Amino acid sequence: MTVTQAAVLLPEAEAPPACRREPPLRSEGSSPVKSAGSQVDDASNYVANAAAGDVSAFEHLYRTHLPRVHSLVRRMSGGRDADELTQDVFVRVWQKLGSFRGDSAFATWLHRLAVNVVIERFRQETTRRQRMHDGEEIFETLSAPVRSRDFPMDFEAALLSLPDGAREIFVLHDVEGYKHHEIGTLLEISAGTSKAQLHRARMMLRRYLNSER
Amino acid sequence: MVTMATEDPFNDRLSDYLDGEDLSPTERAEIEAHLATCATCETTLAELAAVAARARSLPDRPPVSDLWAGVSQRLTPAPAVLPFNRPAHRRFSFTLPQLIAAGLALMLLSGGMVWVARLGDPRTSLPSAVAQVAPEEGAPAGPATEDAEPASALSRVAFADPNYDQAVADLEKMLAANRSRLDPETVRILEANLQTIDQAIEQSRKALRADPANVYLNNHFAASRNRKIALLRRASALAMTQDAVGGS
């Protein structure tokens, strides 16, 4: 919706329609997507209807992709604000549906958008340098796998306990399948930093797997 | 405290070897040669591979609670609240349906309030001794602010308010001087809305002559005049921030 002189002069003017779409963006490109099994359906009809403003069709897309998105968000954020971030992702999807051109699978496009939303939140919180160097000490003090009431899996709990920077890169690389140069672009770091943080994360998680034996 | 630095320099390269990204044949051969002679690194490599494999097999889990309500509520965006100042190099054009809707809403609201007020509900009437056609005592000079609330139930309306009239005149003069900076369509719709507001003011004025103690009419009259002042101020300020038509 174009910002108008009218809206500046008359803020009581009619609200834009509920199904508004932002202008098409530059191509977001494709991104590697971890195999999602049967949960992710090719819902081209639902996508088309949702893009036309059909909320029930969008709800179908939401429920179909929710586990995938929430898992990604949860793991990248360390569980912090995961629900809120998940909602942010789907609201952004609704707003950007008009820009989905079908060049890639909808799940791929959605996944990339989710990553962008999470990274944007990161940028609002702390500097990139801080995220790459804090938190390792807490991992050293863990004597047993951390169990959360929401995430009973030991490995995922251990993943969530990683220092922020190492966790982000581990999730993007080992869980989601991004390459280091892609991670560098996303997080605005060098590929070398990405590699070092990945190795750091793996070495930490190695101890958890060893403790399970 | 355990640090990530180890005595074996090949340890830090094991993840690179495992992933094979950006690894030259020479580097790969070097690491493989070391692995053939180092059981520790060979074990570590296997453990790193297990970590990566475990990561790839992590199942997706939905959230504990249903988040749809929070999503669906946000699918209907609130009306945009736009900043007042704009960069000088930006140019704008009106969205005609927005302004027409605003103008119609203002006309309906104005006419409706006058109609309701003229019904003569005693509860909406001020004691005749309070309603006076006179300026407020101690009222500051100059135009009313756009945030000024309409007069209270005891407001007194001044049909001939020199301060208000001067403020309107000054703003109209300023707007006229900078009108060329606005899009013609913007000017046309601005004038249409000012006309609507003037009609509302006139309707209120006529009704108040017949019923000067009416609270609704008093408030409506004051609100309409405030709205005109606010619109003129915004239009003038907006025009002054724009480049002249034909400029960069």
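Hi everyone. Before I point at anything, one term: a helix here is a DSSP run of H or I at least four residues long, and helices are numbered from the N terminus. With that in hand, here is a first example: Ala46(B) sits in helix H3 of chain B. Please keep in mind that this is a predicted model.

Let's stay with Ala46(B) for a moment. Is Ala46(B) buried or exposed? A residue counts as exposed if 12 or fewer other C-beta atoms lie within 10 Å of its own. Ala46(B) has 12 such neighbours inside 10 Å, so Ala46(B) is exposed. From Ala46(B) to Leu18(B) is 28 residues in sequence, while their C-alpha atoms are 9.2 Å apart in space.

Now let's step back to the chains. Chain A contains eleven helices and zero strands. Chain B also has zero strands, with eight helices. In chain A, 43% of the 213 residues count as buried; in chain B, 28% of the 248 residues do. We can also ask how far along the sequence the contacts reach. Taking contacts between residues at least 6 apart, 64% of those in chain A join residues at least 24 apart, and for chain B the figure is 83%.

Next, a helix with a bend in it. Helix H3 of chain A covers residues 55-77, and its end C-alpha atoms are only 28 Å apart, where a straight helix of 23 residues would span 33 Å. Where in H3(A) is the kink? Look at His65(A): a kink of about 55° lies there, shortly before the proline Pro67(A). Just after H3(A) comes Gly78(A), which takes a positive phi of about 75°.

Compare that with helix H4 of chain A, residues 82-96. Its 15 residues reach 21 Å from first C-alpha to last, close to the 21 Å expected at 1.5 Å a residue. The buried residues of H4(A) include Leu85(A), Val89(A), Phe90(A), Val93(A) and Trp94(A). What do the buried residues of H4(A) pack against? They pack against H3 and H5 of chain A, together with helix H4 (68-73) of chain B. Lys96(A) also belongs to H4 of chain A. Lys96(A) is partly exposed, because 19 other C-beta atoms lie within 10 Å and a buried residue needs 20 or more. Lys96(A) and Leu110(A) are 14 residues apart in sequence, and 9.9 Å separates their C-alpha atoms.

Leu110(A) takes us into the largest nonpolar core, which has 57 residues. Val73(A), Val89(A), Leu110(A), Ala114(A), Phe170(A) and Ala201(A) touch the most other members. Helix H5 of chain A, residues 106-125, gives the most to this core, with nine residues. Setting aside neighbours within four places in sequence, Leu110(A) is in contact with His65(A), Val69(A) and Val93(A). That brings back His65(A), the residue at the kink. There is also a second, separate core of 13 residues, including Tyr164(B), Leu171(B), Ile229(B) and Ala230(B).

Last stop: a place where the two chains meet. Helix H9 of chain A (residues 164-175) and helix H3 of chain B (residues 39-56) have axes that come within 8 Å and cross at roughly 80°. That angle makes H9(A) roughly perpendicular to H3(B). Which residues meet there? From H9(A) we have Phe170(A), Asp174(A) and Val175(A), and they meet Ala52(B), Ala55(B) and Arg56(B) in H3(B). So we end on the helix we began with, since H3 of chain B is also where Ala46(B) lies. Thanks for listening!

Conventions
Residues are numbered from 1 along each chain as its sequence is written. Chains are lettered from A and ligands numbered from 1 in the order in which they are written. This is a predicted model: local features need pLDDT of at least 70, side-chain atom pairs count only at pLDDT 80 or more; totals for chains, interfaces and linings use all residues. Helices (H or I, at least four residues) and strands (E, at least two) are DSSP runs, numbered from the N terminus. Two residues are in contact if their C-beta atoms, placed from the backbone, lie within 7 Å. The expected span of a helix is 1.5 Å times one less than its number of residues. The bend at a residue is the angle between axes fitted to the seven residues ending there and the seven starting there. A nonpolar core is a set of buried Ala, Val, Leu, Ile, Met, Phe, Trp, Tyr and Cys residues joined through C-beta atoms within 7 Å. Axes are lines fitted to C-alpha atoms, for helices over the stretch in contact, and angles run from 0 to 180 degrees between N-to-C directions. Angles under 35 degrees count as roughly parallel, over 145 as roughly antiparallel, 65 to 115 as roughly perpendicular and the rest as oblique.
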